[in-house]
Amino acid sequence: MQIQVRLYATFRIGRFNEQTRDYPPGTRISKVLEDLEIDESLIGTAFIDFKYATLDRELHEGARLGIFPKVGGG
Amino acid sequence: MHKILRINMSDLSVKTEEVPVAWAGYGGRALTSTIVAAEVPPTCHPLGPNNKLVFAPGLLTGTVASNSGRLSVGSKSPLTGGIKESNAGGTSAQIIAKLGIKALIIEGLPADDKWRGIYIDKDGARIEEETELIGMGNFAAVQVLNNRISKSAGVIILGPAGEMKMLTSNISVKDPDSHLRSHGRGGLGAVMGSKKIKFIAIDPTGAQPMKIADPVKFKAAGMAFTKFLLNHPVSGQGLKTYGTDILVNVLNEAGGLPTHNFTTGQSLNAESISGETMYANIIKREGKPSHGCHPGCVIQCSQVYNDAEGKYLTSGFEYETIWALGANADVKDLDQIAKADYIMDDLGLDSIETSVMFGVAMEAGVLHWGDGTEIIRILKDEIGKGTPLGRVLGAGTGAVGRAYGVTRVPVVKNQAIPAYDPRSVKGIGITYATTPMGADHTAGYTIATNILGVGGHVDPLKKEGQIDLSRNLQIATAAVDSTGMCLFIAFPVLDDAACLQALIDLINARYGIALTGDDVVGLGKYVLKTEHQFNLDAGFTNKDDRLPEFFTLERLAPHNAIWDFTGPEIDTFWNF
Ligand code: SF4
């Protein structure tokens, strides 16, 4: 299945801003992170289709996955 | 050594008073709100003789504790008609504290038509007629005062917008680079303008280090506290690199970035106005990605943003301003937004109220969507010059909505709603509705927990847990605003109880007292209740704790979200 991955802030360094990637059905967010060599402890928030998602969540065909390190403002 | 400095503009007198025992344990917001509640009749006209302007450094301001240099100002707001506390960085708070001044109360109205400046030094204060600076922009005026007094003097200054008593006007404070920070919200510039005070200059000569009751404990607590700030990923790294503008992409990804005057939750401009783009521009153009608004800030969320030629464009370039012009008013070009930000700082305009107003003005057809060039022209030639159109626009978001018959007017208690849509981030909607300040994200920043995963997670799209979340954060914020600490210390505090303990240890060591966590919560509750009561006495009711109707009628993409809290549900906020 095709997943549209968007990375933000420091996660872009040495990787990409946006990429469509291919994964077998049932793939979880944590697997994508492993492939991208992003340590789970660095994650601030992940979004599937613009909704907050825990890292054990399964992705679906055409999902948009947004991944942020721990950032904040106000 | 602590004293209250009372300046009366009616008879041009200056008095030094002892600090009443009842006020001794307060600083910052707790003190300004206490004094406003005690001395300002809630039904008075905010620009009339009975309103006061109260400045107070926080409980820890003036000490070497990291990030403790914020200044609070309190008054009755001419924008909301309720109580207002607004705090800002800059160098003044620390100097005021080190001169032993616990609060500065300015009252009365001058009988004549003259503008004046107030000079504060170790011996007290004097009021002098001012002519040279009248009508001058803030940046130039600060330079004149630097030459007149000294570069190290603190300066609290009123821009041309405040001279014209516009409801969008702010009070600005000089930062370590002679640039500006602002007491932005609530139109307090108009109050200072009504008293015809162009500036307050504070001479640091003779300023003394703060007395610390238990220096050994203070030092240990201070080191622990600083470590927490530096080790937390948000306060230690994130804010330093991307500033607050990192939130553009975060809120866009969460579908909570109000766009095109709050008609959708995502903007096509997000990438071009994002913190990532800002950071890349700063590096390319040799600006400064991190910068502190006062000495002792270790978080350094501020920055210096240059144009393509490497020339200074603006600093303290915040997410809320960039969102309001970039997403909500559709301006694609970050440099144009930076220019507008600089002009707003120079004129002394609240960059949230003014920028949100532009979204409503665009909806009204006053200018085209996304027209940054016209925004800059209007700022300079209409608002800056006080033309009839400038006066209407300078009266703020709510007034412009009324003047042009617009129904989609994002305000609560007539103050513009900032950068987080309450339909898709429901906790912040409770904060907007209930805070005594009028719509204000900083009053109880639920974004931390709704969106950023700080202090746990409460689903932003559901109603469950939002009222408790907002209440707890508003209580904590009222307490933090009383310490003189920058609110961004809340990121590590929310994630680690030991960080909060270090903060309490600092206060205890400074004053030789034994506050507990419960006492701090008690302080926050007291502040909120005092402010709420002032508003009730000013004529507000629970019906003022509501969001504008359009949030209940128009669904927001991409989540198809709607504001669905009932009035009675919102009213439970005050059950504490
Ligand atoms: S983190 Fe930002 S707002 Fe807070 S004290 Fe530092 S520069 Fe000022």
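**Cavity**

I started with the lining of the largest cavity: strand 6 (101-107) and helix 20 (497-511) of chain B each supply at least two residues of it. This is a predicted model, so I keep that in mind for every entry below. I searched the whole structure for cavities of 30 Å³ or more and got 1. The space in the largest cavity comes to about 100 Å³. I counted 13 lining residues, and those closest to the centre are B:H2, B:P57, B:G58, B:K102 and B:Y511. Sorted by class, I have 7 nonpolar, 4 polar and 2 charged residues in that lining.

**Pocket**

Next I looked up the second largest pocket, which holds about 230 Å³ of space. Which residues are the closest to its centre? I noted A:T10, A:P69, A:K70, B:P233 and B:Q237, out of 13 that line the pocket. Helix 7 (residues 233-242) of chain B gives the most to this lining, with 5 residues. The class split I wrote down for the pocket lining is 7 nonpolar, 5 polar and 1 charged.

**Helix 12 and its partners**

I then went to helix 12 (residues 351-364) of chain B and checked how it packs with helix 15 (residues 397-404) of chain B: the angle is about 15° and the axes are 8 Å apart. That angle makes helix 12 of chain B roughly parallel to helix 15 of chain B. I also checked the hand of the crossing of helix 12 and helix 15 of chain B, and the crossing is right-handed. From helix 12 of chain B, I listed B:E353, B:V356, B:M357, B:V360, B:A361 and B:A364 in the contact. Helix 15 of chain B brings B:T397, B:G398, B:V400, B:G401 and B:Y404. By class, this contact of helix 12 with helix 15 of chain B has 7 nonpolar, 3 polar and 1 charged residues.

Helix 10 (residues 319-326) of chain B was my next stop, and its axis comes within 8 Å of that of helix 12 of chain B, crossing at roughly 10°. So helix 10 and helix 12 of chain B are roughly parallel to each other. On the helix 10 side of chain B, I found B:E320, B:T321, B:W323, B:A324 and B:L325. They meet B:S351, B:I352, B:S355, B:V356 and B:F358 in helix 12 of chain B. I sorted the residues of the contact of helix 10 with helix 12 of chain B into 6 nonpolar, 3 polar and 1 charged. I flagged B:V356 of helix 12, which is listed in the contact with helix 15 of chain B and in the one with helix 10 of chain B.

**Helices 18 and 21**

How are helix 18 and helix 21 of chain B set to each other, parallel or perpendicular? I looked up helix 18 (residues 466-483) and helix 21 (residues 517-538) of chain B and got an angle of about 95°, with axes 7 Å apart. Helix 18 and helix 21 of chain B are therefore roughly perpendicular. Helix 18 of chain B makes the contact through B:Q474, B:I475, B:A478, B:A479 and B:S482. From helix 21 of chain B I have B:V520, B:V521, B:L523, B:G524, B:K525, B:V527 and B:L528. The residues of this contact of helix 18 with helix 21 of chain B divide into 8 nonpolar, 3 polar and 1 charged.

**Backbone oddities**

Most peptide bonds are trans, and most residues other than glycine have a negative phi. I looked for departures from that. The peptide bond from B:A557 to B:P558 is cis, with omega near 0°. I placed B:P558 in the loop between helix 22 (550-553) and helix 23 (567-571) of chain B. B:K196 has a positive phi, near 55°, and is a residue other than glycine. I found B:K196 in the loop between helix 5 (188-194) and strand 12 (197-202) of chain B.

Methods:
Residues are numbered from 1 along each chain as its sequence is written. Chains are lettered from A and ligands numbered from 1 in the order in which they are written. This is a predicted model: local features need pLDDT of at least 70, side-chain atom pairs count only at pLDDT 80 or more; totals for chains, interfaces and linings use all residues. Side-chain values use heavy atoms; hydrogens and water are left out. Axes are lines fitted to C-alpha atoms, for helices over the stretch in contact, and angles run from 0 to 180 degrees between N-to-C directions. Helices (H or I, at least four residues) and strands (E, at least two) are DSSP runs, numbered from the N terminus. Angles under 35 degrees count as roughly parallel, over 145 as roughly antiparallel, 65 to 115 as roughly perpendicular and the rest as oblique. A crossing is left-handed if the near helix is turned anticlockwise from the far one by less than a right angle, and right-handed if clockwise. Contact means heavy atoms within 4.5 Å. Ala, Val, Leu, Ile, Met, Phe, Trp, Tyr, Cys and Pro count as nonpolar, Asp, Glu, Lys and Arg as charged, and the others, Gly among them, as polar. On a 1 Å grid over the protein atoms alone, a cavity is a set of points where a 1.4 Å probe fits but cannot get out, and a pocket is an open set with protein on both sides within 12 Å along at least five of seven lines; lining residues have an atom within 4 Å of a point. Grid points are joined across faces, edges and corners, and a volume is the space filled by probe spheres set on the points.
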